Amino acid sequence: RAVRSALQSFKACYDREYKKDTKLEGKVVISWEIHEKGIAKNARVLKEKSTLGNAAVEECVRSRLLTLRFPEPPPGSMAVAVYPFLFQGQR
């Protein structure tokens, strides 16, 4: 839900690069940890699963993800999340 609520900001990462290259499409897969208070840490692009191949979009998505707040994991634990962001231009 936290990711879906911010989809427009992730799309903005893509749209900026899409204006430069209208053939740009694919997915960016991000892995991150959720710590106490729902804070995201250690987000990284899973290059082996990502197909977009655009470092600017990947870094923009990764950094924006770190600003989100997620449901807090059980006390004394952390959660690992992986999410595929799919991007494609207008058809």
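## Pairing of the central strand

Strand E1 (residues 26–34) and strand E2 (residues 40–45) are joined by four bridges in the antiparallel sense. This description refers to a predicted model. Within this pairing, Ile34 of the one strand faces Ala40 of E2. The hairpin formed by E1 and E2 has five residues between the strands, and Lys37 in this hairpin adopts a positive phi near 65°.

E1 also pairs with strand E3 (residues 79–87), again in the antiparallel sense, through nine bridges. Two of the residue pairs can be named here: Ile34 has Ala79 as its bridge partner in E3, and Trp32 has Ala81. Ile34 is thus placed opposite Ala40 in E2 as well as being bridged to Ala79 in E3.

## The sheet and its helix

Together the three strands make up an open sheet with the order E2-E1-E3 and antiparallel pairing. E2 and E3 are the edge strands, each of them pairing on one side only. On average, and with direction ignored, neighbouring strands of the sheet are turned by 25° against each other.

Helix H3 (residues 55–65) packs on this sheet and touches E1, E2 and E3. The direction of H3 makes about 30° with the direction of E1.

## Burial of E1

E1, which lies between E2 and E3 in the strand order, is mostly covered. Of its nine residues, seven are buried. In general, side chains of a regular strand alternate between the two faces of the sheet.

## Aromatic pairs

Across the whole structure, the search identifies five aromatic pairs. One of them is formed by Tyr83 and Phe85, whose ring centres are 4.9 Å apart; their planes stand at 55°, so this pair is classed as tilted. The tilted class covers plane angles that are neither under 30 degrees nor over 60.

The two residues of this pair fall into separate accessibility classes. Tyr83 has 27% relative accessibility and therefore counts as partly exposed, whereas Phe85, at 4%, counts as buried; the cut-off for the buried class is under 20%. Through ring pairs, Tyr83 and Phe85 are also linked with Phe10 into a cluster.

Key
Residues numbered from 1 in each chain as written. Predicted model: local features only at pLDDT ≥ 70, side-chain atom pairs only at ≥ 80, totals over all residues. Heavy atoms only, no water. Buried < 20%, exposed > 50% of the residue type's maximum accessible area, 1.4 Å probe, protein only. Pairing = 2+ DSSP bridges. Axes fitted to C-alpha atoms, helices over the stretch in contact; angles between N-to-C directions. Contact = heavy atoms within 4.5 Å. Phe/Tyr/Trp six-rings, centres within 6.5 Å; stacked < 30°, edge-to-face > 60°.
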